Amino acid sequence: MTLTTNLGFPRIGPRRELKRALEAHWRGELPATQLLDTARELRARHWRLQREAGIDLPPSNDFSLYDQVLDTALLFDAIPRRYRAVVEAAPLAGYFAMARGLQRPGIDLHALEMTKWFDTNYHYLVPELEAGQDFALRGDTPVAQYLEARRLGIETRPVLIGPVTFLWLSKTVDGSDRFALLDRLVPAYVQLLEKLHAAGAGWVQVDEPALVLDLPEPVRDACRRAYAALAAGPRPKLMLASYFGALGDNLQLAASLPVDGLHLDLVRAPEQLEAALDALPPGRMLSLGLVDGRNVWRTRLDNALLLARYARTRLGADNVCLAPSCSLLHVPVDLDAENGLDPELRSWLSFAKQKLGEIRVLADALDGHPGAEAALEDARLRHASRRASTRVHRPEVAQRVAAIDPALGRRVSDYPARRQAQQAALALPPYPTTTIGSFPQTRQVREARAKFKSGKLEGAAYEAFLEAQIEQCVRFQEQVGIDVLVHGEFERNDMVEYFGEQLDGFAFTRLGWVQSYGSRCVKPPVIFGDVARPAPMTVRWARYAQSLTSRPVKGMLTGPVTLMQWSFVRDDQPRADTCRQIALALRDEVLDLEAAGIRVIQIDEPALREGLPLRRAHWDAYLEWAVECFRLCASGVDDATQIHTHMCYAEFNDIIQAVAAMDADVISIETSRSRMELLDAFARFRYPNQIGPGVYDIHSPRIPTTAEMVELLGKAREVLAPDQLWVNPDCGLKTRGWEETDLALRRMVEAAMVMRESA
Ligand code: GLN
Ligand code: ZN
């Protein structure tokens, strides 16, 4: 019988039970014991659900109260000094302090840094290490959770983040080589494996997604050393799990490690199967990741089965097991809860629970179980309906993409001529001031929107409310003395959802939450079909704002790469084509804005950088179509219409060429936290267009002084020409209050004045 396994299950709960419990606990309304009870109930429920779905060997220790990387750091006692006392005094409070910071009279601890887990939208906490530090096994959570499941009669496979990936994801605070710590870290793993073995665990899953990255040779050596040591002691069998891509040049390495099984992501990289079968030593178990753990579509079971049959023929039935491509952490829990979705669309989707059912069907089919045929046939029908659906496939959209002419991506003139035309049209002072788009989303604004959505506020009343907000916002900006105004984005809940709701081809779930970090979840839209824009999306509000003032109002759009990156994307055509469809729809919006008298248009692309593939070798291809899509949106306008873009980060060194190729007339970026250092990439590149380096950090309630902003602008002025510079905050102001916004923007305008006088 083919073994069915799972690599990880969403922990937040089908109704975000964990989120609620965590937040109540942090507010002081739920004692720790009750939080831990909720966590235990969720684990039990998830194990049972997985068994009922037909998974023979579900994971344990895949649960976390906040983040699995933070758990691993604590498990091995990698606790930065500043938290040590708090963790020793109260372990749970200390854990949350590392995750979220801690401010109490006499204590002010900042949280660990947070960053993206590979190319997902999940964020982990970056462990802080230092040269010569010790590691030790602290507590026995993985053992305890293995036993917890066993008491429920469920045999599980504990999951650990492998030592190589753990060090890869960590940083050292002293700049030392983190892999120099490997030999100190590995004994703690050895000890843990021994304990798991003693507790009766037959298998342990060791996650090493770092193996799908470009690894320097010393890290590959470290990997060999680590696994030689891990394999030596008494231990359960080890399943080495790679995911999020192909092992590629690390395949021989992975196949040569002294482990008992290897997991491959055959959704992202089905082509690696053949090479892996050739490379694997006899007797090694191969775990086939055939069901997509990163997306919400039903599996093409016939295709998956072909790969599984082939692997089984080569290795023998006892040496293959079935699994999702990666942990199911990245998909919503249960499609059964989606009673609001169109039934046809719903029949094409699969969330965590349904994906496990698909693994079961594959195993049954592989074992020749007669019941499997009906399920395979059902999958075929669903796919046929998706393939033939006229809501998915709209010939006019496909034709428009096929007919894209390179000329569509070119502005009429090169930048120097555009700059003159724009200066003539806009007559802006040196160091022009602007904001990134959103103004405070007060409770009043959110309540009005909620009432409108639930039908408690009529359309006309809601529109009047929004107009009043916009008018206030415009008057405010005029009074403060901002040069290029915005309408304030009061009508938007979220920069992706707002557009997705108005574009054909996007759908929204009711409970399709996915953990982003800690208790934070996002509900990404599903791009299921060809994208088209049935009607203008933002013109009404931009036009209204512009009617109130003689100063230019900046139209505000989310760019195509970002709309796609923060959604579940269709898997039946290349991402590049989906992106082109979105780009063409946005191009029409840009042209409509221009026709409505909007002379400055910003197309936000904060997700451009995070779309970078995991392997360098794939970067150029991605950047080429990402830039093409931005240009498709932006290039239909006259020379005198000024195109802005915005990105919320500032690591531009390795993508500066692509950013320059986007050829936005103005780019605003986040630079205040790095004190403008990150402008160097632009300076070195001799970036020719204009730049608005953020002069204050909108993530913090702290309001900088005028002098601080002048100082930052002075630094920018050292590396860029004065007539290249704009003055703006780091990002949108939607999370801030009006009072601080008022003061901060007045000082920002003052800072621009100081710069003008000294020019
Ligand atoms: N225009 C958006 C805003 O101001 C940009 C948000 C972002 O960059 N994440 O809110
Ligand atoms: Zn931003």
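Here's a quick tour of helix packing, one buried proline and the salt bridges in this structure. Keep in mind that the model is predicted. The structure holds 65 salt bridges, and a handful of them get a closer look below. Before those come the α1/α5 pair, which packs at an angle of about 100°, and P163, which sits in helix α7.

**Helices α1 and α5**

- Helix α1 (residues 17-26) packs against helix α5 (residues 91-100) with the axes 12 Å apart and an angle of about 100°, so α1 is roughly perpendicular to α5.
- On the α1 side, the contact uses L22, H25 and W26, while α5 brings in L92, F96 and R100.
- By type, the residues of that contact split into four nonpolar, one polar and one charged.
- Within α5, the stretch of G94, Y95, F96, A97, M98 and A99 is buried.
- The cover over those buried α5 residues includes α1, α2 (32-52), α3 (68-75) and α4 (81-89), along with strands β3 (102-104) and β6 (123-125).
- Just past the end of α5, G101 adopts a positive phi of about 80°.

**P163 and its surroundings**

- P163 belongs to helix α7 (residues 163-169) and is buried, at 0% relative accessible area.
- Leaving out residues up to four places away in sequence, P163 touches L182, L185, V186, Y189, V206, E208, A226, Y227 and L230.
- A535 is 372 residues from P163 in sequence, and their C-alpha atoms are 52 Å apart in space.

**Salt bridges linking distant parts of the chain**

- E88 pairs up with R138, with 3.4 Å between the closest N and O atoms.
- That pair ties helix α4, home of E88, to the loop between β7 (128-129) and α6 (141-151), where R138 sits 50 residues away.
- Both ends are partly exposed: E88 has 47% relative accessibility, and R138 has 25%.
- E610 and K116 form another salt bridge, at 3.2 Å from N to O.
- Here the partners are 494 residues apart, with E610 in the loop between β20 (600-604) and α24 (619-634) and K116 in strand β5 (residues 114-116).
- E610 counts as buried at 19% relative accessible area, whereas K116 is partly exposed at 23%.

**A bridge within one helix, and a network**

- E217 and R220 make a salt bridge whose closest N and O atoms are 2.9 Å apart.
- These two residues are three apart in helix α9 (residues 217-232), so about one helical turn separates them.
- E217 is partly exposed at 41% relative accessible area, but R220 is buried at 13%.
- Elsewhere, salt bridges link R300, R386, D530, R570, D571 and D572 into a network.

Note on methods:
Residues numbered from 1 in each chain as written. Chains lettered and ligands numbered in written order. Predicted model: local features only at pLDDT ≥ 70, side-chain atom pairs only at ≥ 80, totals over all residues. Heavy atoms only, no water. Axes fitted to C-alpha atoms, helices over the stretch in contact; angles between N-to-C directions. Helix = DSSP H or I, 4+ residues; strand = E, 2+ residues; numbered from the N terminus. Parallel < 35°, antiparallel > 145°, perpendicular 65-115°, else oblique. Contact = heavy atoms within 4.5 Å. Nonpolar A, V, L, I, M, F, W, Y, C, P; charged D, E, K, R; others polar. Buried < 20%, exposed > 50% of the residue type's maximum accessible area, 1.4 Å probe, protein only. Salt bridge = Lys/Arg side-chain N within 4 Å of Asp/Glu carboxyl O.
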